[in-house]
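Student: I am new to this structure and would like a close look at a single part of it, taken slowly. Could you choose the part and walk me through its surroundings?

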Amino acid sequence: EFATLQKKLVIQDDLENLAKAMVRIYHAKSQAIELVDLILNNEIQNTQTTDIIFRGNTLATKILDQYMKLLCNDYLLSVIKPFILEISKSKLNYEVDPTKIER
């Protein structure tokens with residue numbers, strides 16, 4: 001059971017590594033969305049108040065994070081990278097803190 005496994009993992013790196021491995025394994029089997037659905041539904045059912053749902057460093061939040069990175073990383077890079085490169089090459093000053101602007 002995921003809940004039992006999660007309680008045994010106290011180090012956040014372990015949770016992160018477990019989530020990454022699980023998402024990759026399930027993705028390779030074309031079952032990643034089923035994993036996300038199962039783990040998030042379990043998190044919802046076992047959370048006592050809606051104020052704290054998906055706010056902790058749980059296996060569910062780590063799996064969701066890894067799944068979003070897996071699906072969205074290439075898209076975000078393709079959309080945002082050209083703008084970031086243009087801004088970094090620009091001579092314009094984008095400082096928002098007026099005390100840090102050189103005069």
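Tutor: What follows is a close look at Gln66 and the residues around it. This is a predicted model, in which local features need pLDDT of at least 70, side-chain atom pairs count only at pLDDT 80 or more, and totals for chains, interfaces and linings use all residues. Residues are numbered from 1 along each chain as its sequence is written, and side-chain values use heavy atoms, with hydrogens and water left out.

As a setting, the protein has four helices and zero strands, where helices (H or I, at least four residues) and strands (E, at least two) are DSSP runs numbered from the N terminus. Gln66 is found in helix H4, and with a relative accessible area of 8% Gln66 is buried; buried means under 20% relative accessible area, exposed over 50%, and partly exposed in between (1.4 Å probe, protein chains only).

Leaving aside neighbours within four places in sequence, Gln66 is in contact (heavy atoms within 4.5 Å) with Glu16, Ala19, Lys20 and Val23. With Glu16 there is also a polar contact from side chain to side chain, at 2.6 Å; such a contact is a pair of N or O atoms within 3.5 Å, and within protein one must be able to donate a hydrogen and the other to accept it, while residues adjacent in sequence count only if both atoms are side-chain atoms.

Glu16 has a further partner, for its side chain meets that of Lys62 in a salt bridge (3.2 Å, N to O), a term for a side-chain nitrogen of Lys or Arg within 4 Å of a carboxyl oxygen of Asp or Glu. Glu16 lies in helix H2 and Lys62 in helix H4, so the pair ties together parts that are 46 residues apart in sequence. Both Glu16 and Lys62 are buried.

The structure holds two salt bridges, and the side chains of Lys69 and Asp65 also meet in one (3.3 Å, N to O). Lys69 and Asp65 are four residues apart in helix H4, and therefore separated by about one helical turn. Lys69 is partly exposed, at 47% relative accessible area, and Asp65 likewise counts as partly exposed, at 27%.

Ile63 has contacts of its own: apart from neighbours within four places in sequence, Ile63 touches Ala19, Met22, Val23, Leu35, Val36 and Ile39.
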